Amino acid sequence: MFHYKETIEYKALPLLPMEELTVTVVDHCRRGWRMMAFFGLNGESGREVLCILGHAADQMLEAFRASMPKRYQSMTPSCPQAHLFERELAEMWGVVPEGHPWLKPVRFCPAFDGKRDSRPGPAQADYYRIEGEEVHEVAVGPVHAGVIEPGHFRFQCYGENVMHLEIQLGFQHRDVEHLILKSPAKLVLPIMENIAGDTAIGHSTAYCTVVERLAGVEPTDRAHILRRVALELERLANHTRDLGAIGGDTGFLPTSSWNGRITGDWLNITSELCGSRMGRNLLCPGGVKWDVDSELAKALVKRVQSSYRDTRGSVDVMLETPSVLARLEGTGKVSRQAAADLGLVGMAARASGVAMDCRFDWPLCGIANPALTKRVPGAGDVMARTLVRSQEVDDSAASAAADLEFLGKTSGSEPVRLPMPEKLPAGRLAVALVEGWRGEICHVGITDDEGGWLSYKVVDPSFHNWTGLAMALRGEQISDFPLCNKSFNLSYCGHDL
Amino acid sequence: MFDIIKERIHQGYRTLDYPFKMPVITPRFAGLPSVTPTSCAGCESKACLKACPMGALNIAETGPELDMGRCLFCRACENACPEKKIAFTHEHRIAAYSREALIVRGPAPADICQPGVRPALGQQKRDLSLFARSLKLREVSAGGCMGCEADVNVLGTLIYDLGRFGIEYASSPRHADGILVTGPVDENMRKALLDTWEATPEPKIVIAVGVCAISGGTFSCGRENCLGVEDVLPKGSVDVYVPGCPPNPWSILDGILSAAWKKKRMK
């Protein structure tokens, strides 16, 4: 067990037999631990499996390491949150989890060593099917009607009612984890910013945190606050866009069109920090690349306040319209039990009543932030996911404004970027947990003997949450899909890597 | 109802009369690069080459050459060059008609950042005037990270109001005059992109938005064949390139207007 900010020596972790690892992990999950990452890597003595578990109440992490078997008894039947991790492990490393209820590829990618000869075409696999005279199947994608990423959806329907939805992704697979290991060091940060383009700040914060924890460098408070401003601005932009999209799919067009514009205002505030609306080129290991002086901070506070007024006004007219509320309430419900069992994260989990938020559970710095509160409505329907967003808009705007004001007052007090050592210490493991706007972003970095990467694992919140969307559709109608989809708004590329 | 009208009045009129009025873009924005064309033979450090994460720079006999088709506009070279030979201007109109025209070898023109119609860089591969009245585009995200997609999508909002130019995103390639591709075109999207392109009736145009679609961007050194649109579609099929990671929406709007050769009508 180790504190989440600490690093551990990777080789000192005992190499367990796989049976012992699975029994221990399942036992921990029963006692309230969460599976944050479970993946394979090429260790010194051969292929290994590593599982990272977290226990938010006492901010402790646990890492279990085992040598990779050819087959093992699947954990999924007794610990459903392992289901996609086990599929991923099977696809990339050829390890068979015996007894896995739905074993098929996740991304249709070549194995990690690139040795697999025949590779199935994307989404070419068996799908869950319900047989019956009046049961029919609806297939959608990969290329969708709107300007969105590709993915394949299969609905099993009885009339208009959806009995089951299977979501098959993988079309966006760019081999990110392999690229992180093989690319020149200066390219790694831009790759992190492109893992999920709408979460550039979230993923770059996670990467920088891993590197800083390994190097033992603690960024200055000013850098931490600037990162926090950027992270909350990213949340504001995306929540505003999604609230508008929910309005659009409900047929409430005023909010839909206003929010489209206000989203741009939030993104433009981010671009005042770093020149890029999408938060590229702001963070770097050691801190941030750009500072704000008192004049800019003052101007940005005003813009945050005015954009917040616009967002609030636009969202409020939607949430005061009875026909909108009637459409949102009770649609696409995910129970608290299902959310906890499947290991959903972030605002989707909070909407279902699971009180998890990395900003409180695993804070990145010790600087208090009174503006933020954990928002946990609990009903688990589209309405709850709308409310989480709406409430977090209040919190994030207040937090960003307060932080910017503080930065303006203390302008020039300390550097925003500290020098980093040329090499990271060898053979260490560090974990970063960041609350991106969708939820928990988990990065695990392990260094090799030369201080390069032995392994780097990225777990985007969408990896956990796509199953939540599939659950939300059960018993609903196909026409509810767009609305449910927008209420989650998950990343395809974050899942596919 | 009264509240909606009240809020409508508060939200106001926001559409910009582009391109006759210039958008206000942050001072930290990096636009069209400007290069001083003098020999770098005396420079021993070659700090720009070391700093560039993308290999977008080349030191030729005449000085540095910057390939916008690989550039992330991160300013690493600008900060590194001891002689300050590379600078990024504020000009957002950086679309080009040819891959070659994306390579910057000289200083930026003196008349940049002025309102009005500005032609895209380089020469058109073919006459695009057919698309000048109405243009329907099918957007294909082929491994795109949602950065470019978000900035393509935003053109439909009030500020940009793409519809007023007669341009719309079509839901099917059969209804489209061309495709707009984002993303590096990973292996799993290769066939879907080809199918979409083939399903689009002739004559059709292709717009590549973002450094990924142009050259594979940050994903070009992997195993998933992410080398951009021209690695998959027939050579010469891309009509307009819009560089950036991701490009600013105004740059994308400018690129789409160039593709439709609408600028000619505006004059």
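This report describes the domains, a strand pair, the nonpolar core and the chain contact of a predicted model.

**Two domains of chain A**

Chain A is split into domain 1, residues 1–115, and domain 2, residues 176–496. Between the C-alpha centres of domain 1 and domain 2 of chain A the distance is 26 Å. Where these domains of chain A meet, 22 residues of domain 1 are in contact with 24 residues of domain 2. On the domain 1 side, strand 2 (8–9), strand 4 (34–43) and strand 6 (60–67) of chain A each give two or more residues. Strand 4 of chain A supplies the largest share of that side, namely six residues.

**Strand 4 and its partner**

Strand 4 of chain A is largely enclosed by the rest of the structure, because eight of its 10 residues are buried. Which strand is joined to strand 4 of chain A by nine bridges? The partner is strand 5 of chain A, residues 46–55, and the two strands run antiparallel. Together, strand 4 and strand 5 of chain A make a hairpin, with two residues between them. Within this pair, A:Phe38 stands opposite A:Cys51, a residue of strand 5 of chain A.

**The largest nonpolar core**

A:Cys51 also appears in the largest nonpolar core, which has 223 residues. A:Cys51 is one of the residues that touch the most other members, and others among them are A:Val431, B:Val181 and B:Val209. Helix 6 of chain A, residues 221–250, gives this core its largest share, 12 residues. Domain 1 and domain 2 of chain A each contribute at least three residues to this core. In soluble globular proteins, nonpolar side chains tend to be buried together.

B:Val209 offers a detailed example from chain B. Leaving aside residues up to four places away in sequence, B:Val209 touches nine residues listed here by name: B:Cys148, B:Val152, B:Leu180, B:Val181, B:Thr182, B:Val242, B:Pro247, B:Ile252 and B:Gly255.

**The contact between the chains**

Chain B gives 48 residues to the contact, and chain A gives 53 residues. On the chain B side, the elements that give two or more residues are helix 1 (2–11), strand 6 (135–141), helix 4 (147–153) and helix 5 (190–199) of chain B. Helix 1 of chain B provides the largest share of that side, six residues.

The table sets out the residue types on two of the sides described above.

| Side | Nonpolar | Polar | Charged |
|---|---|---|---|
| Domain 1 of chain A, touching domain 2 of chain A | 14 nonpolar residues | three polar residues | five charged residues |
| Chain B, touching chain A | 23 nonpolar residues | 15 polar residues | 10 charged residues |

How values were computed: Residues numbered from 1 in each chain as written. Chains lettered and ligands numbered in written order. Predicted model: local features only at pLDDT ≥ 70, side-chain atom pairs only at ≥ 80, totals over all residues. Domains from an automatic or database assignment. Contact = placed C-beta atoms within 7 Å. Helix = DSSP H or I, 4+ residues; strand = E, 2+ residues; numbered from the N terminus. Nonpolar A, V, L, I, M, F, W, Y, C, P; charged D, E, K, R; others polar. Core = buried A, V, L, I, M, F, W, Y, C linked by C-beta atoms within 7 Å. Buried ≥ 20, exposed ≤ 12 C-beta atoms within 10 Å, placed from the backbone. Pairing = 2+ DSSP bridges.
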